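Reader: I would like to go through some of the labels attached to this model and ask what each one rests on.

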Amino acid sequence: MEHGKGAKHQEIRMLNRKTLEITGVSNVESFDNEEFLLVTECGFLAVRGQNLHMKNLSLEQGLVAIEGTVHSLVYLDGSGAGKSKGLFGKLFK
């Protein structure tokens, strides 16, 4: 995956809400069977669902594969209108 300097590139592929492949991942902040918090080229990404588990992880390639039932994908970029909650405030509502 070769891109110009400063260019953000991320792909998300989901099959039947059961298998999720995400590129452009630089770190996995935390994960459990209900939520993964990923640092991506496009910002923090929270993947929420049930019975989630990591199928594949390659930070060298920037790839994470997750299996389970996916309920939501949410970017936590702080673009809420006038709300200034921190990262943990958004995660623990």
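Reader: What makes the side chains along strand β2 (residues 19–22) alternate?

Author: This is a predicted model. In it, Leu20 and Ile22 point to one face of β2 and are buried, while Thr19 and Glu21 point to the other and are not. In a regular strand, side chains alternate between the two faces of the sheet.

Reader: How do you know that β1 (residues 12–15) and β2 pair?

Author: Pairing requires at least two bridges. There are 4 bridges between β1 and β2, so the two strands count as paired, and they run antiparallel. Leu20 in β2 is the bridge partner of Met14. The hairpin has 3 residues between the strands, and Asn16 there takes a positive phi near 55°.

Reader: Which bridges join β2 to β6?

Author: β2 and β6 are joined by 4 bridges and run antiparallel. Glu21 has Ala65 in β6 as its bridge partner.

Reader: Why is the contact between the side chains of Thr69 and Lys18 called polar?

Author: The cut-off is 3.5 Å between N or O atoms, with one able to donate a hydrogen and the other to accept it. The side chains of Thr69 and Lys18 make this contact at 3.0 Å, so the distance passes. Thr69 lies in strand β6 (residues 63–75).

Reader: Why is the pair of Phe31 and Phe36 called stacked?

Author: A search of the whole structure finds 1 aromatic pair. Phe31 and Phe36 form it, at 5.2 Å centre to centre with 20° between the planes. Stacked requires planes under 30 degrees apart, so 20° qualifies.

Reader: Is each ring buried or exposed?

Author: Exposed means over 50%, so Phe31 at 52% relative accessibility counts as exposed. Buried means under 20%, so Phe36 at 0% is buried.

Notes. Residues are numbered from 1 along each chain as its sequence is written. This is a predicted model: local features need pLDDT of at least 70, side-chain atom pairs count only at pLDDT 80 or more; totals for chains, interfaces and linings use all residues. Side-chain values use heavy atoms; hydrogens and water are left out. Buried means under 20% relative accessible area, exposed over 50%, partly exposed in between (1.4 Å probe, protein chains only). Rings of Phe, Tyr and Trp (its six-membered ring) pair if their centres lie within 6.5 Å; planes under 30 degrees apart count as stacked, over 60 as edge-to-face and the rest as tilted.
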